[in-house]
Structures are given as C-alpha cells and as structure tokens.
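Let's take a walk through this model together, looking at the empty spaces inside and at the charged pairs. Keep the structure open beside you as you read.

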Amino acid sequence: MQFIDAEPAQLPGQGPWTLDERLDYHSRFVILSTPAMGKISLALRRLMILNRRHNGTARRGLIVSGPPTTGKTTTLQQLGRSFHLADRARHQGPGWRLPVVFLSVPPAATPKMLVSELARFLDLPIAPRMNQAQITDAVCGVLRDLATQLVLVDDVHLLNTRTRAGAETSDQMKHLSERIPATFVYAGVDVDKSPLLTGKRGAQLAGRFKLVTNPPLAYGHAAHTAAWEGLIGGMESALRLHHHRPGTLIRHAAYLHQRTGGRIGSLSALVREAAIAALLDGTEKITKQLLAGIEVDQLAEQTARPPARRTTGRSI
C-alpha cells in the first residue's frame, strides 16, 4: 500500500520539517491504495474501453456501494487521481485537458443544484438568471471541449427518487451521462438498498450500471490478514515521527481491527489522531497505550468487537 500527503505544497522544502508542518501533514495525508482498488480499477478500465466504442446505446457505469467509513470516497478520489496522472503522462503536448471531474450530490438536491455543482467545479460563472438548461449546456460543452473521460459522483445515496426533486435529479444525471462522452462512477452508502435503484428509474439505472461493494475489511484468515496488515504497513510508512519504531502498528493489527471494525475511514482517523497526539506530547511515537486513549467515531465504537483469531499459526 502507498500513501501520499494531501497536497504537493505540504512536501518538505529545504531542511527538516517544522512541528507545524508535521502536524499539518498528519492531519491531511490520505490513503493512495485500498484493498478494493484493484477490483474497482479493473472493472472501470473495462467499462471505459467499452464506452469508447459507444454506438448510440446508453453508456455503462459503475456504482461503488458499502457501509459508512469503509473507504468509498477515498477509493473514488484515488481512482480519479490515478486516471488523471495516467492521462497527463499520455498527453504532454499543448492544450487544456480535464480528464476527471468530481462532485458530491448536495443534500435535497435539485437538477439545477446538481449541474451548478459541476459548474462550480469547472469554475464557470453562473448568472442568477441562468436556468437549468442553460447551465447544463454550458457544462456539457466545456466538458466535451476539455476531453473529460471520467465523472465521479459521490454521496448518491442522498438522492431519494421517491420524491419529485430526487427523481428529477436522477433524470438529470442520466441526461448528463448521455450528453457527456465519459464514464460515470457513482459512490454512496448502501446504494444497493437505497431508493436510487427502485422503481422504473431504478431499474433503468440498474440495467446500465455495474455495482461493486466496498465492505469493511475482514480479519483472521491469511488473505484478509495480509490485506489489513498491508494497509496498516502503508500508513505506518507514511508517519513522520522521530521515535516511532517501524512495525509497531502491524504488531497491533488485530487490536486496530477490533477498534475500527475494519473500516478504512475509522482506521485512518485513529492513526492520524494518534500521530498528532504523539507530536503534541513530545513522545514522537505511537503505542498501544496511546491508541487506547483515543476515541474513534461512534459507529466504530458501537461495532467494536474482540480481536479475531489468526489462522496462520503466528501469535498476535
């Protein structure tokens, strides 16, 4: 597993990092790869090849679904990052390109709100007098001109197609996918159980989109243990603590799984907060005692369970 800080500006300059720089770094660094990334990336690559040979029928898409804090948004962001870097490597000549766009569905979204979010992402000026159709035309035109190939839409579970506004916003998303020559990837909490895939509209969406689940990571069997420890090892290698002993977090892998329920978001928050605490108290290392003193999110607290036994024969 690999990690990267949130923004290039956070990389160290000349000389050692200051305390404030390291505090900022540990509050922002994010996961670059998750165990689900390989499966989702492969499915997306196949769909994008299929959509490039689009023959007038509806383009195919992908839905990433799972419980809260299992890394869906992280996966979506890193899919976009990976594709953006690959596209930049292929197209190094002159000209503006925007291969990936990302937006989150606003609460109680309307069709105009949704397309206005896209316009804001593109930094397009939106006059108060512009209606939904005009904004849609402007957005679609710019995305075609910029050769956008991937549109990532997070929080689609907020779309309640049983309401008029939700149904119309769902129709707007379908309309955008037909006008923009790109592959759409949606992500949301338990989308497979949400109203988005029910009724006639839901059946149409389900007929065009492949659903990939992103559940909490299991622990105990050898393959599951290896994936969880790989995730922890990648996070540990990204720490910038002077006295932290490498391998400490991996030794506490079972404990970390018990604390977080295998949820990537909960794990990331716990380790980052522990790193900040270690910086502030001057110990510069993460210990099990330090981890035990940090509260995780309420969802993880409610689902915490005793550590699973390992089946590899090694002691924990």
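The lining of the second largest cavity in this predicted model is made up of 8 nonpolar residues, with no polar and no charged ones. You can find the cavity by selecting Leu-103, Leu-114, Leu-118, Val-151, Val-153, Met-173, Leu-176 and Phe-184, which line it. Helix H4 (111-121), strand E5 (150-154) and H6 are the elements that give two or more residues to this lining. The space inside comes to about 40 Å³.

Leu-118 is a good residue to stop at. It sits in helix H4, and its relative accessible area is 2%, so Leu-118 is buried. Setting aside neighbours within four places in sequence, Leu-118 is in contact with Val-101, Leu-103, Val-139 and Leu-176. Of these partners, Leu-103 and Leu-176 also appear in the lining of the second largest cavity.

Now for the other cavity. The search of the whole structure turns up 2 cavities of 30 Å³ or more, and the largest holds about 120 Å³ of space. Helix H6 (164-179) and helix H7 (199-206) are the elements that give two or more residues to its lining, and H6 gives the most, with 4 residues. What kinds of residue line the largest cavity? They divide into 5 nonpolar, 2 polar and 4 charged. Met-173 is one of the residues lining the largest cavity, and Met-173 is also found in the lining of the second largest.

Two of the residues lining the largest cavity, Asp-171 and Arg-201, bring us to the charged pairs. Their side chains meet in a salt bridge of 2.8 Å, N to O. Asp-171 belongs to helix H6 and Arg-201 to helix H7, so this pair ties together parts that are 30 residues apart in sequence. Asp-171 has a relative accessible area of 33% and is therefore partly exposed; Arg-201, at 38%, also counts as partly exposed.

The salt bridge count comes to 9. Among them is the bridge between the side chains of Arg-22 and Glu-284, at 2.8 Å, N to O. Arg-22 lies in helix H1 (residues 19-28) and Glu-284 in the loop between helix H11 (264-280) and helix H12 (288-292), so the pair ties together parts that are 262 residues apart in sequence. Both Arg-22 and Glu-284 are buried.

A last stop is helix H3 (residues 72-90), where Arg-90 and Asp-87 lie 3 residues apart, about one turn of the helix. Their side chains meet in a salt bridge of 3.8 Å, N to O, and Asp-87, Arg-90 and Arg-97 are linked in a network of salt bridges.

How values were computed
Residues are numbered from 1 along each chain as its sequence is written. This is a predicted model: local features need pLDDT of at least 70, side-chain atom pairs count only at pLDDT 80 or more; totals for chains, interfaces and linings use all residues. Side-chain values use heavy atoms; hydrogens and water are left out. On a 1 Å grid over the protein atoms alone, a cavity is a set of points where a 1.4 Å probe fits but cannot get out, and a pocket is an open set with protein on both sides within 12 Å along at least five of seven lines; lining residues have an atom within 4 Å of a point. Grid points are joined across faces, edges and corners, and a volume is the space filled by probe spheres set on the points. Ala, Val, Leu, Ile, Met, Phe, Trp, Tyr, Cys and Pro count as nonpolar, Asp, Glu, Lys and Arg as charged, and the others, Gly among them, as polar. Buried means under 20% relative accessible area, exposed over 50%, partly exposed in between (1.4 Å probe, protein chains only). Contact means heavy atoms within 4.5 Å. A salt bridge is a side-chain nitrogen of Lys or Arg within 4 Å of a carboxyl oxygen of Asp or Glu.
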